[in-house]
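Let's walk through this structure together, from the whole fold down to single residues. Have the model open beside you as you read.

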Amino acid sequence: MQIIYAHATLALLAVPLGLYILLTIKGTKQHKMLGRIWVIFLILVSLTAIFITSPMTEKLINPNLFSWIHVLIPYTIGSLVYSIWNIKKFKKTKIERYKFAHMYSMIGVYVGALLIAGAFTLMPGRFFHEILFG
């Protein structure tokens, strides 16, 4: 149960932090520092998700198995690695396509791993649906 709370807390912290990063000036020391924190949050969210294999209710979707939401784990980690690789490549070469690849990949992680996956956790039969809607 604690792993679910740790996972949810990190994900809920990553949502406003990621939005703030996306809406503020890029390339500043603050952007880089907050971006690193955000990446750490998302890696921890992804790693904790591996250990969440079934909702804690009687209405189990896949008892003791991974659900289709777990497909987002390799997507998230892969996208983060790709994003970091691109921004490092941009710093080295100053080729604009690497900067844009970084930007679009991070937006994709924000939307896919936080917003879409977060919305799926509210489906009937899932733990947070039961908490919020009874």
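What share of the contacts in the protein with a separation of 6 or more comes from residues 24 or more positions apart? The share is 61%. Keep in mind that you are looking at a predicted model.

Start with the overall layout. The protein has five helices and zero strands, so to read it from the N terminus is to follow the order α-α-α-α-α. Along the principal axes, a box of roughly 55 × 25 × 20 Å holds the C-alpha atoms. The protein has 134 residues, and 37% of them count as buried.

Now take the helices in turn, beginning with α1, which covers residues 2-23. Its 22 residues reach 32 Å from the first C-alpha to the last, close to the 32 Å expected at 1.5 Å a residue. The buried residues of α1 are I4, H7, A8, L10, A11, A14, L17, G18 and I21. They pack against α2, α4 and α5, the last of these being residues 127-133.

How do two packed helices get described? By the angle between their axes and the distance between those axes. For α1 and α2, the angle is about 150° and the axes are 9 Å apart. Because angles over 145 degrees count this way, α1 is roughly antiparallel to α2. The crossing of this pair is left-handed. On the α1 side, the contact is made by I3, H7, L10, A11, L13, A14, L17, G18, Y20 and I21. On the α2 side, the residues include L34, W38, F41, L42 and V45. Sorted by class, the contact of α1 with α2 holds 16 nonpolar and six polar residues, and no charged ones.

α1 also packs with α4, residues 96-120, at an angle of about 155° and with the axes 11 Å apart. That makes α1 roughly antiparallel to α4. This crossing, too, is left-handed. Here A11, A14, V15, G18, L19 and L22 of α1 meet I107, Y110 and L114 of α4. The class count for the contact of α1 with α4 is eight nonpolar, one polar and no charged residues.

Moving on to α2 (29-50), look at how it pairs with α3, residues 72-93. Their axes come within 9 Å and cross at roughly 155°. That makes α2 roughly antiparallel to α3, and the crossing of α2 and α3 is left-handed. From α2, K32, W38, V39, L42, I43, S46, A49 and I50 take part, and they meet I73, T76, I77, L80, I84 and K91 of α3. The residues of this contact divide into ten nonpolar, two polar and two charged.

Between α2 and α3 there is a loop, and S67 is found in it. Is S67 buried or exposed? It counts as buried, because its relative accessibility is 10% and the cut-off for buried is under 20%. The C-alpha atoms of S67 and I52 are separated by 9.3 Å, while the two residues are 15 residues apart along the chain.

α3 itself gives a neat check on helix geometry. Its 22 residues should span 32 Å at 1.5 Å a residue, and the end C-alpha atoms are 31 Å apart, which agrees. Buried in α3 are I73, T76, S79, L80, S83, N86 and F90, and the buried residues of α3 pack against α2 and α4. T76 deserves a closer look: it is buried, with a relative accessible area of 3%. Setting aside neighbours within four places in sequence, T76 is in contact with L42, S46, V109 and A113. Just after α3, K94 takes a positive phi of about 60°.

Finish with α4, which passes the same kind of check. Its 25 residues should span 36 Å at 1.5 Å a residue, and its end C-alpha atoms are 35 Å apart, which agrees. The buried residues of α4 are Y98, A101, H102, S105, M106, V109, Y110, G112, A113, L114 and A117. They pack against α1, α2 and α3.

Terms used: Residues numbered from 1 in each chain as written. Predicted model: local features only at pLDDT ≥ 70, side-chain atom pairs only at ≥ 80, totals over all residues. Heavy atoms only, no water. Axes fitted to C-alpha atoms, helices over the stretch in contact; angles between N-to-C directions. Helix = DSSP H or I, 4+ residues; strand = E, 2+ residues; numbered from the N terminus. Parallel < 35°, antiparallel > 145°, perpendicular 65-115°, else oblique. Left-handed = near helix turned anticlockwise from the far one by under 90°. Contact = heavy atoms within 4.5 Å. Nonpolar A, V, L, I, M, F, W, Y, C, P; charged D, E, K, R; others polar. Expected span 1.5 Å × (residues − 1). Buried < 20%, exposed > 50% of the residue type's maximum accessible area, 1.4 Å probe, protein only.
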